Amino acid sequence: MLLAIAIAIALAAAACTPGGEATAPTTSADDEARTTTSIGTTTTAPTPTTTVPDPVVDDTPLPSDAEVRTGTLDNGVRYLVRTNDSPGGALELRLVVDAGSLHQPRAEDGSAHVLEHMAFNGTASYPGNTLDDALADVGAVIGPHINAYTSFDETVYQLSLPATPAAIDLGFQTLSEWAGAMLLTEADVADELLVVLEELRLSRNAPGTVVNDTFLDAYLGGTPYADHDPIGEEAAVADLDAGTLRRFFDDWYRPDNITVIAVGDVEVDDLEARIVEAFDGLTDRGATPAQPDRTAPLPTDPFIRVVEAPDTTTSFVSVDWMLPAWDGTTVGGERLVMLEQVLFHLLATRLDDASLRGDNELLVVGGGRFAVTRERAGGGFYAEADDLGAAAELVIGTLRGAAEGDVAAEELARTVEEFRASVELELETIESVQDRELADALVGVALGTTDPSAAADRVRRRVAVLDTFTPDDLIAHARWILASSAPQVIAAGPDAADLPDVARLEAALEASGAAGPSEATARIDRIMTAPDPIAPVEEVSLRRDAVEWRFANGVVVRFEPSTIAADTVDLRASSPGGARALGDVPFSLADVAVDAFGASGVDDLDPVVLDAFLAGRNVWLVPLLDDHTEGFVGAASTVDVEVLFQLLRASIDGPRIDEVPFARVVDARAEQIESLALDPATAAVIEAADLVEDRDPAWTPLPTSGGLAAFDIDAARRIVADRFGSIDGGLTVVVVGDADRLEIARLAATYLGTIQPGAADAVLGDRPLPPPPTEVRAAELGVGSDAEASGQVVLRWRTLDPARDAAARAEAMVLGAVLDDLVFEELRERLGATYGGRASISLGERAEAAGASIVVQVDPDRVEEVRDEALVILDSLRASGPTDEVVTRAIGVVRRELDLVNNPELIARLFALDEPGSDLEPSAIVAEVNRLTPARLAEATRRWFPEGRRVEVLVRPGG
């Protein structure tokens, strides 16, 4: 349960499959940091002059996984294949092209990215968009089953298919034609450029673009990657034509530049034979160009930039050091990557512990090591504070302190325990590793960037490496980083008055001294002493191998063994009450209290002590509050299940909210409130939710600024104590996972059967949710000051008391898939008006949560057009239902979804036993799915999407 926020860098990909989500470069764990105007400059502050020898790197190759068969065809196509039976009946395919935006003839033209789009817009056997239909016919749809991304260095296509003969044949044929038979007609390119430019517009005009660009300048300046953002620049992208794309295709989509990956429930011999059949005839189309230079020397001059961002809500400072992308396929490269991960995580944990104790002025802090390109990585810190100049001094001083010898053996031991627990869990879960995870790992192997070893070998080796790390190793490496790489310092925020100037950050580089560890954290060996167990008063056998125990104190525990996720146990606890029992307290403020509760300690353990205890264990638990229930959700490795039960018991016995976590949550909510005037997507969703609740202040999703300012920690503590500190309203705990029934029975009797009922819940009322709309509740918002910002269309419906049996669930699932299909085909492919839109229907776990929605990001000039077209789609469905072809595709998609079961779904089925008439069993739902007709779906559309009874929010830029 780590409170440190890791800095996550997603520089690599422009994910742009039809219907997919664009992955724009982002630079910190706080995605709400937004900028529009840069006011700082690069500086040439003094750089380190100390000479420190480079790390010694053992270049011994790591061993390869014997279960992965590798080979190379005569034409140069490489392949990696392996058999895997988890989840079973499925196949994952990848086409890896060793070329990305770095390979473009013009740095900014986005041709690698646009070419990836064109793979879905015409191949020799499937001209136009007919490939989408063919894949849908075998149960694969854009987004969950079909995807792709373009990075600086590579382009990767992804297919998730059922392992049926027809799907397997189509999958390999599709990969082969993507590699060698794209049509790339002028008409198709012109049509798809409309979609690409919409994606680019959404990306380039989204809040945060300028700050992301600043990080790209810092991380990639002076390297061949500079100015090669995969998304491209609008003018250059708009100028692309079929000839340019054809040249890129011929140059880089070549047999000797392609790797095929196949993982799934198919024999290796069969997979290999299919690759030979599909790819052996692939030929070169011209001479092989030389690979571009990727050399990225470490920066020797500091990069200091201050960015004023009037449309942001967060002020922060980031301090990073560029690092080599050590060769992770060698013994020495792996060790250095792990050493840097441990070093930066240790220091970030140190800073966060001090923040939680009130020993420093950091409001939020995190850090870590991250990848940038194949040749460059980085490590550093992100911090929010009232004084960002002082924060920069502190985080710089923390690394300097490590370089000067301030690494305590006990804090290294805690960090190693945490990493070891994570690595060892991988070994325990090997048997249930999914096809998709294995296939994605093999992409890195194909590109020569990740460890090719078998999982068991990798885990044992990494555990052994962790055990070799000493404080001196971290000290020496911190010293080398400071001597070899100049810091990259970026401060950004909405108000210049809150930002340090460049001179202040330069002074921070000069002034920051060595900051050593804060006071040692107390170590405990258990959360609580186990009470004497109390036997259940009743034991009942449920479906399959599930069992229920009832205790005299009102606790009900249900358990079902499951090896879907090996060595993993999932838990959910639920008690009646929820937000309806809050009296005059708005749900939005109760939500603040619950989030702070989840970030705090438990009982008499503060969050620092608790985090230190959990650092070497794979276990987590968070509280949840919804309209009718409160409770917890969590999970643990099998060996740590007792800790999970202790954590649940201590959270009920001693719910607490600590001051620093409370302040952090309040600050985060305040930023969300501010973002409503800045971010069209957030504003649209919140406004629609508000309208669904008929603007009832008790149920609005966000508090008012005044209400949040007046909400204090004592009020939050009262809410948590009332809703979570008693079980008199009843408590049902459902446990599913890889555990022994007798052990779960013991833990239930020990930690749950012994809970003292205590005082009754102070239920202050039973306020109902507002009724569904009986008319069109509409709002138009002008959000953001940038005239090119995204427009949004959000349509929502609420349906109270729907049927909840298998037939209703089948209708909801298939109708949702039908709408997704039509939104994609009509709004994206036919109109070219949107990069992404989604439709959804949710029965929820209670009738009150049922509802449907259509959400579309759109060119702001086409908001009404898209709204009207969405309503036309619904009118057609109400009148006559979907075509037989669309129904068939949707049924295939839903049947695939029902085949993939996980532990949380098994938990939901056990909870559904409490709701008469509710049925979550896949077999019953599949039977009803097979009975669906266009006429039944037309009737379902009329129920879920009643004409003239909706919420409608249209958002366009307006400032």
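## A walk from β6 outwards

Start by selecting strand β6, residues 146-150: five of its five residues are buried, so to speak mostly covered. Strands here are DSSP runs of E with at least two residues, helices are runs of H or I with at least four, and both are numbered from the N terminus. Buried means under 20% relative accessible area, exposed over 50%, and partly exposed in between, using a 1.4 Å probe and protein chains only.

Before you go on, a word about what is on screen. This is a predicted model, in which local features need pLDDT of at least 70 and side-chain atom pairs count only at pLDDT 80 or more, while totals for chains, interfaces and linings use all residues. Residues are numbered from 1 along each chain as its sequence is written, and side-chain values use heavy atoms, leaving out hydrogens and water.

Now show the side chains of β6. Ile146, Ala148 and Thr150 point one way, Asn147 and Tyr149 point the other way, and all are buried.

Next, add β7, residues 155-162. A hairpin of four residues links β6 to β7, and the two strands pair in the antiparallel sense over five bridges. (Two strands pair if DSSP finds at least two bridges between them.) Click on Asn147 and look across to β7, where its bridge partner is Gln158.

Then hop to helix α1, residues 111-118. Eight of its eight residues are buried, so α1 is largely enclosed by the rest of the structure. Among them are His113, Glu116 and His117.

For a change of scene, select Gly917, in the loop between α27 (903-911) and α28 (922-929). Is Gly917 buried or exposed? Gly917 is exposed, with a relative accessible area of 54%. What does Gly917 touch, leaving aside its neighbours within four places in sequence? Arg804 and Asp805 are in contact with Gly917, where contact means heavy atoms within 4.5 Å. Try a C-alpha to C-alpha distance too: Gly917 and Ala803 are 8.0 Å apart in space, but 114 residues apart in sequence.

Finally, zoom out to the whole chain. You should find 29 helices and 25 strands. The radius of gyration is 28 Å, close to the 30 Å that the globule rule gives for 959 residues, so the chain is as compact as a globular protein of that length. That radius is taken over C-alpha atoms, and the rule is 2.2 Å times the number of residues to the power 0.38. Of the 959 residues, 59% count as buried.
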